Amino acid sequence: MSNENQILELALSIARQAGELLMNRPASWDLTVKSTAIDIATQMDHASEKLIVEAILSARPNDGIIGEEGADREGTSGFTWVIDPIDGTVNYFYGLPGWNISIGVKDSQGVLVGVVHSPTFNSMWHAVRGGGAFLNNEKIECNNPVQLDKALIATGFAYEVKDRENQIEIIDQLILKIRDIRRMGAAATDLCCVASGMVDGYIETGLKEWDLAAGSLIAREAGAVVTTQIWRGMELTIAAGPELFKQISRAIPE
Ligand code: IPD
Ligand code: CA
Ligand code: CA
């Protein structure tokens with residue numbers, strides 16, 4: 001088996017194990033506050049990251065790790081795992097569906113393997129760079145071409161409330177020009193929904209590497225354009241099929 005297929009199989013297996021752990025919701029919550037008072041981690045975010053990191057290191061002890069909950073580790077193999085142990089913690093905490101486990105593996109050329117597992121959607125997305133994108137092992141493609149006035153666009157909002165003033169300005173402009181907005185609650189699921197045509201586009205500012213690593217590879221491998229550029233001092237991510245991507249980019253306020 002090639003190196004990338006070994007990594008993919010391991011990532012799929014680890015994502016499934018973390019999914020099983022997380023489907024057993026705890027009877028009570030132990031919450032930690034992070035960047036702002038509304039940015040939380042539960043004990044399950046930490047338990048999921050621990051399971052993922054231990055499984056990676058027992059199979060591939062020389063790989064590096066970047067984990068949202070702090071499991072950072074330099075590697076020597078040239079491969080680094082970028083983990084969001086629960087993407088969509090607020091959904092998870094409230095018992096809403098759509099949260100995911102996001103696992104990306106990067107090498108010197110960028111993200112090589114991406115796996116996003118959303119057990120409450122019965123969905124396992126995956127991609128290997130250059131090999132297309134898949135949902136539950138079926139090949140997927142993003143919607144293209146889509147005109148802006150027919151577009152269903154997903155978005156999300158930062159935990160930093162002052163960033164929301166700018167985010168709201170984008171939505172304020174877009175909502176008058178598109179079919180509708182969806183705020184589902186998990187960035188990697190949003191990117192995978194672009195990949196599988198369940199929304200037409202996605203836009204959000206302030207995403208972190210672990211939000212983007214796996215989902216952006218999956219969206220790109222499904223034919224979407226995914227960029228992150230500086231806008232008003234923030235990192236603005238746009239994902240959509242090539243035609244809609246151009247139209248969304250033109251509709252962003254100065
Ligand atoms: C968050 C979710 C949310 C997005 C936030 C992310 P977390 O991730 O993806 O949809 O709007 O920007 O931080 O904190 O639940 O891992
Ligand atoms: Ca996240
Ligand atoms: Ca998270």
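This report describes the calcium sites, the enclosed spaces, one central strand pairing and some backbone features of a predicted model.

## The two calcium ions

Two calcium ions, ligand 2 and ligand 3, lie 3.9 Å apart, and D84 coordinates both. The table sets out the protein donors of each ion.

| Ion | Protein donors | Donor distances | Spacing along the chain |
|---|---|---|---|
| calcium ion (ligand 2) | D84 (OD), D87 (OD), D211 (OD) | 2.1 to 2.4 Å | D-x2-D-x123-D |
| calcium ion (ligand 3) | E68 (OE), D84 (OD), I86 (O) | 2.2 to 2.3 Å | E-x15-D-x1-I |

For the calcium ion (ligand 3), the donors are E68 and D84 through OE and OD, together with the O atom of I86. E68 belongs to the loop between β3 (64-67) and β4 (80-87), whereas D84 sits in strand β4, so this pair ties together parts that are 16 residues apart in sequence. The surroundings of these two residues can also be described by their accessibility. E68 counts as partly exposed because its relative accessibility is 22%, while D84, at 1%, counts as buried.

For the calcium ion (ligand 2), D84, D87 and D211 each donate through OD. Along the chain these donors follow the spacing D-x2-D-x123-D. Both D84 and D87 are buried.

## The largest pocket

The largest pocket has a volume of about 720 Å³. Its lining comprises 34 residues, and those nearest the centre of the pocket are F157, A158, Y159, E204 and D211. D211 is also one of the protein donors of the calcium ion (ligand 2).

Which elements supply at least two residues each to the lining of the largest pocket? They are β4, α3 (89-94), α4, β12, α6 (209-221) and β14. The lining also draws at least three residues from each of domain 1 (3-140) and domain 2 (148-251). By residue class, the lining of the largest pocket divides into twelve nonpolar, eight polar and 14 charged residues.

## The cavity

The structure holds one cavity of 30 Å³ or more. The space in the largest cavity amounts to about 40 Å³. Its lining is formed by T155, G156, F157, Q167, I170, I171, I203, E204, T205 and L236. Of the structural elements, α4 (161-174) and β12 (201-205) each contribute at least two residues to this lining. Five of the lining residues of the largest cavity are nonpolar, four are polar and one is charged.

F157 and E204 appear in the lining of the largest cavity, and F157 and E204 are also among the residues nearest the centre of the largest pocket.

## Strand β12 and its partners

Strand β12 supplies lining residues to the largest cavity and to the largest pocket. Are the residues of β12 mostly covered or mostly exposed? The strand is mostly covered, with five of its five residues buried. G201, I203 and T205 point one way from β12, and Y202 and E204 point the other way. In a regular strand the side chains alternate between the two faces of the sheet.

β12 pairs with two strands named here. With β10, β12 runs parallel, and three bridges join the two; in this pairing I153 has G201 as its bridge partner. With β14, β12 pairs in the antiparallel sense over five bridges, and T205 stands opposite L236 of β14. T205 and L236 both belong to the lining of the largest cavity.

## Backbone features in loops

Most residues other than glycine have a negative phi, and most peptide bonds are trans. Three places in this model depart from those patterns, as described below.

A cis peptide bond joins N144 and P145, with omega at about -5°. P145 is placed in the loop between β9 (138-140) and β10 (152-155).

N136 has a positive phi, near 45°, although N136 is a residue other than glycine. This residue is found in the loop between β8 (133-135) and β9, and N136 counts as partly exposed because its relative accessibility is 39%.

R232, likewise not a glycine, has a positive phi of about 50°. The position of R232 is in the loop between β13 (225-231) and β14 (234-240). With a relative accessible area of 36%, R232 is partly exposed.

How values were computed: Residues numbered from 1 in each chain as written. Chains lettered and ligands numbered in written order. Predicted model: local features only at pLDDT ≥ 70, side-chain atom pairs only at ≥ 80, totals over all residues. Heavy atoms only, no water. Helix = DSSP H or I, 4+ residues; strand = E, 2+ residues; numbered from the N terminus. Buried < 20%, exposed > 50% of the residue type's maximum accessible area, 1.4 Å probe, protein only. Donors = N, O, S within 2.8 Å, 3.2 Å for Na, K, Ca; no water. 1 Å grid on protein atoms, 1.4 Å probe; cavity = no way out; pocket = protein on both sides within 12 Å on 5 of 7 lines; lining within 4 Å. Points joined across faces, edges and corners; volume = space filled by probe spheres on them. Nonpolar A, V, L, I, M, F, W, Y, C, P; charged D, E, K, R; others polar. Pairing = 2+ DSSP bridges. Domains from an automatic or database assignment.
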